[in-house]
Amino acid sequence: MKILFIGRTEWLYNSILQISGFDKYQIVGIITSKAAEDYKFNDKDFSLLANNLGVKFLYSSKLTKKNIIETFGNDIDIALSVNHANIISQEVIDLFKYGILNAHGGDLPKYRGNACSAWAIINGEKSVGLCIHKMVGGELDSGDIIVKKYYNIDHYTYIKDIYNFFEDNIPRLFLNSLELIEHDPDYFFEKQSKKKADISRCYPRNIEDGRINWNQKPELIHRLVRASSEPYKGAFTYFEGEKIIIWRSEILISDFKSIGTPGQFAEFDLDGNLNVITSKGKIKILEIEKNNKRGKPNTFFKSVRGRFKNTHYDI
């Protein structure tokens with residue numbers, strides 16, 4: 001089976017490496033485009049990988065029938081995609097005997113679009129889905145699901161944990177999907193619902209979305225911290241006009257009611273963690289970053305008379 005790889009991220013890179021180890025699969029080329037800042041691999045890495053594998057390489061965010069045929073020919077069985085920059089047309093999908101399979105980190109069709117794992121944490125979901133599905137031209141994350149696997153989410157799950165799960169499982173699920181498609185080109189595990197009530201579209205998140213609002217409940221702040229942590233820039237707040245990044249937190253169960261202004265430092269524990277008052281209860285801050293240095297909160301703050309602010313100009 002002749003395979004073309006399309007997209008970005010370490011998940012695609014690792015999939016190429018693993019699938020290249022099977023003699024029955026012939027990789028004909030790699031297409032990639034500009035990498036996001038948090039990706040482990042960029043276009044230069046993919047170009048070098050293509051060179052090492054002895055296959056053709058194309059740097060392009062917009063795919064056309066013409067540029068694919070001119071670069072790779074028109075005798076390709078299937079394409080495998082991870083996080084391609086743009087929606088692909090049906091004309092391009094039809095170039096491949098078995099179409100294009102896409103790896104999507106979200107429980108389809110409930111979580112289509114961008115940053116689905118972060119949104120799943122923020123929304124308090126109990127799990128996040130990883131789907132390999134057939135692409136439909138001109139549509140976003142639609143098409144029959146070939147395989148699906150879930151990762152459970154709890155109060156200790158950070159976005160990096162989910163991404164590690166994707167990194168480990170996307171190559172395996174691609175291999176599983178290839179075997180299923182080879183055996184039966186019409187195979188599907190699940191048809192995506194077309195009911196509007198079942199479909200959600202997630203939109204990108206940016207650095208500003210990590211701003212902490214201490215007037216929220218501790219559960220919501222903790223979700224934001226977990227969803228904004230590595231590989232992203234972290235949830236953040238302000239102290240005396242300086243930006244403070246909150247990398248790790250826990251929900252604090254207290255035996256008594258705390259009365260204070262949200263953001264107020266309550267106490268340090270014996271491990272150097274800082275308990276902070278929110279609108280309802282406290283949250284424990286385990287790790288922060290200040291002036292590009294990371295550590296326990298008691299490394300940077302010595303008094304419980306301090307207070308985090310929602311913005312740098314709050315008085």
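L108 sits in the loop that joins β5 (100–104) to β6 (112–113). A quick heads-up: this is a predicted model. Although it is a loop residue, L108 counts as buried because its relative accessibility is 2%, and the cut-off for buried is under 20%. Who are its neighbours? Leaving aside residues up to four places away in sequence, L108 touches C131, H133, D141, I145, K148, E190 and Q192. There's a long-range approach here too: L108 and S200 are 92 residues apart along the chain, yet their C-alpha atoms are separated by 8.8 Å.

Now for the sheet. It's an open one with seven strands, in the order β3-β2-β1-β4-β5-β7-β8, and the pairing is mixed. β3 and β8 (145–152) are the edge strands, each pairing on one side only. From one strand to the next, the twist averages 15°. At the β8 edge, β7 (residues 127–134) runs antiparallel to β8, and seven bridges link the two. Within that pair, V128 stands opposite Y151 of β8.

Two helices that pack on the sheet are set out here.

| Helix | Strands touched | Angle between directions |
|---|---|---|
| α1 | β1 (2–7), β2, β4 (78–82) | about 165° with β1 |
| α6 | β1, β4, β5, β7, β8 | about 155° with β8 |

On to the nonpolar cores. The largest has 46 residues, and I3, I19, F166 and F174 touch the most other members. Helix α6 (residues 159–183) supplies the largest share of this core, 11 residues. Take I3 as an example: not counting residues up to four places away in sequence, its contacts include I19, Y25, I27, V28, I76, I78, L80 and L178. That fits a general pattern, since nonpolar side chains in soluble globular proteins tend to be buried together. There's also a second, separate core of 18 residues, with W214, I244, F265 and I288 among its members.

Helix α2 (residues 43–53) has two faces worth a look. F46, L49 and A50 are buried, and they lie on the same side of α2 because they cover an arc of only 100° around the axis. In an α-helix there are 3.6 residues a turn, so residues three or four places apart point the same way. The cover over the buried residues of α2 includes α1 (9–19), β2 (26–32) and β3 (56–59). On the face turned away from that side you'll find the exposed residues K44, N51 and N52.

What happens at the ends of α2? N42 caps the N-terminal end, with a side-chain oxygen 3.0 Å from the backbone nitrogen of K44. After α2 comes G54, whose phi is positive, near 70°.

Note on methods: Residues numbered from 1 in each chain as written. Predicted model: local features only at pLDDT ≥ 70, side-chain atom pairs only at ≥ 80, totals over all residues. Heavy atoms only, no water. Core = buried A, V, L, I, M, F, W, Y, C linked by side-chain atoms within 4.5 Å. Buried < 20%, exposed > 50% of the residue type's maximum accessible area, 1.4 Å probe, protein only. Helix = DSSP H or I, 4+ residues; strand = E, 2+ residues; numbered from the N terminus. Contact = heavy atoms within 4.5 Å. Arc of directions from axis to C-beta. Polar contact = N/O pair within 3.5 Å; in protein donor to acceptor, adjacent residues only side chain to side chain. Pairing = 2+ DSSP bridges. Axes fitted to C-alpha atoms, helices over the stretch in contact; angles between N-to-C directions.
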